[in-house]
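User: Could you take a close look at the salt bridges in this one and walk me through them? I'd like to see which parts of the chain they join.

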Amino acid sequence: MEIKQIASWLLALTFIACSQLGYADEVSSIVRGGKLYDKWYAVIGAAKPDGTHPAWPASNTKKKGATTHRCKSCHGWDLMGKDGAYASGSYKTGISGLTQLQGASNTKVIAALKASTHGYAGKMSDEDFTDLANFVTKGQFDIDAVIDRSSKKAKNGNPSKGESYYNTVCMNCHGKTGTEPDGMPALGALSNKNPWEVIQKVMNGQPDSEMPAMRAFGLQVSVDILSYVQTLPKE
Ligand code: HEC
Ligand code: HEC
């Protein structure tokens, strides 16, 4: 083999190794961003925000206080805002979704977060902003391809695979039938009522808990889990 050829192989191998490393870092950043999107103040251990977020519309009097500061409350678990599950119901705000930002630059997202509409400047660290931006620009998937919007059922999930994932990963904390821990809605009920929330929690984990994130195993694993938990008892 010629020296030149060996050199180019080495270069290629280094490139592959580096991009793999980059991938791992990126997935963990997206996962943390997903938890921040869910409830940033719980993730960073900040005090619950006081009062209702200034961008929360006065037309919605059903929700107030800390929950109106969570990204998911205004932009939805499906990141589709007024065009998604929050088109109606107690979280109806008329605010746009963020799906157009998959593939966009992080700079744009971070600028939006620090601008006056949101007012998050000074409330989170640079790392938090980067993780949130990675979630918004790189962590989205076509949610309507995996959850049927009208029946709310998981699409193309394999419940039998989901059952084995559940029994090996989730059961220790949530019990065989998904009714633990005490005080949490049964997974069978929650997953049929709000499958968009459940898929995000399964992909990214639960803020402020030891619950693992399944994102690194690929979307299909989470869809299989969702399809199984939808068969669990509702109470
Ligand atoms: C109280 C409601 C509210 C909360 C909470 C909220 N946003 Fe927004 N967001 C808005 C509004 C309003 C806009 C402007 C777009 C519109 O009017 O529909 C916006 C716009 C954005 C944009 C720019 C969209 C674009 O196309 O350029 C991004 C990115 C964004 N939000 C991300 C987030 C993230 C991430 C969080 C959580 C850290 C968050 N938002 C929390 C109300 C909210
Ligand atoms: C190490 C323990 C642990 C494991 C393992 C775990 N979870 Fe959790 N999970 C929790 C805790 C703690 C909560 C928060 C409970 C509460 O809100 O009372 C939670 C919350 C949730 C929620 C949100 C419930 C809500 O009302 O917001 C869902 C959905 C969920 N888990 C699904 C799963 C699934 C599916 C798995 C397996 C892939 C799993 N969890 C694995 C500990 C765990």
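Analyst: Here is a walk through the salt bridges, with a short stop at the ligand afterwards. A quick note first: this is a predicted model, where local features need pLDDT of at least 70 and side-chain atom pairs count only at pLDDT 80 or more, while totals for chains, interfaces and linings use all residues. Residues are numbered from 1 along each chain as its sequence is written, chains are lettered from A and ligands numbered from 1 in the order in which they are written, and side-chain values use heavy atoms, with hydrogens and water left out.

The structure has eight salt bridges (a side-chain nitrogen of Lys or Arg within 4 Å of a carboxyl oxygen of Asp or Glu). One of them pairs Asp128 with Arg32, at 2.8 Å from N to O. Asp128 sits in helix H4 (residues 126-138) and Arg32 in helix H1 (residues 3-43), so this bridge ties together parts 96 residues apart in sequence (helices are DSSP runs of H or I, at least four residues, numbered from the N terminus). Asp128 is buried at 5% relative accessible area, while Arg32, at 22%, is partly exposed (buried is under 20%, exposed over 50%, partly exposed in between, with a 1.4 Å probe and protein chains only).

H1 turns up again in the next pair: Arg70 bridges to Asp38, with the closest N and O atoms 2.8 Å apart. Since Arg70 is in the loop between H1 and helix H2 (71-75) and Asp38 is in H1, the bridge ties together parts 32 residues apart in sequence. Both Arg70 and Asp38 are buried. They also belong to a salt-bridge network that links Asp38, Arg70, Glu197 and Lys201.

Then there's Asp78 with Arg149, at 3.2 Å from N to O. This pair links distant parts of the chain, 71 residues apart: Asp78 is in the loop between H2 and helix H3 (106-114), and Arg149 in the loop between helix H5 (143-146) and helix H6 (159-174). Here Asp78 is buried at 5% relative accessible area, and Arg149 is partly exposed at 26%.

As for ligand 1, H2 and H3 each supply at least two residues of its shell, and H3 gives the largest share, four residues. The shell counts 22 residues, the closest being Cys71, Cys74, His75, Ser96 and His118 (near means a heavy atom within 4 Å). A polar side-chain atom of His75 lies 2.8 Å from a nitrogen atom of ligand 1, and one of Ser96 lies 2.6 Å from an oxygen atom of ligand 1.

Notes
Polar contact = N/O pair within 3.5 Å; in protein donor to acceptor, adjacent residues only side chain to side chain.
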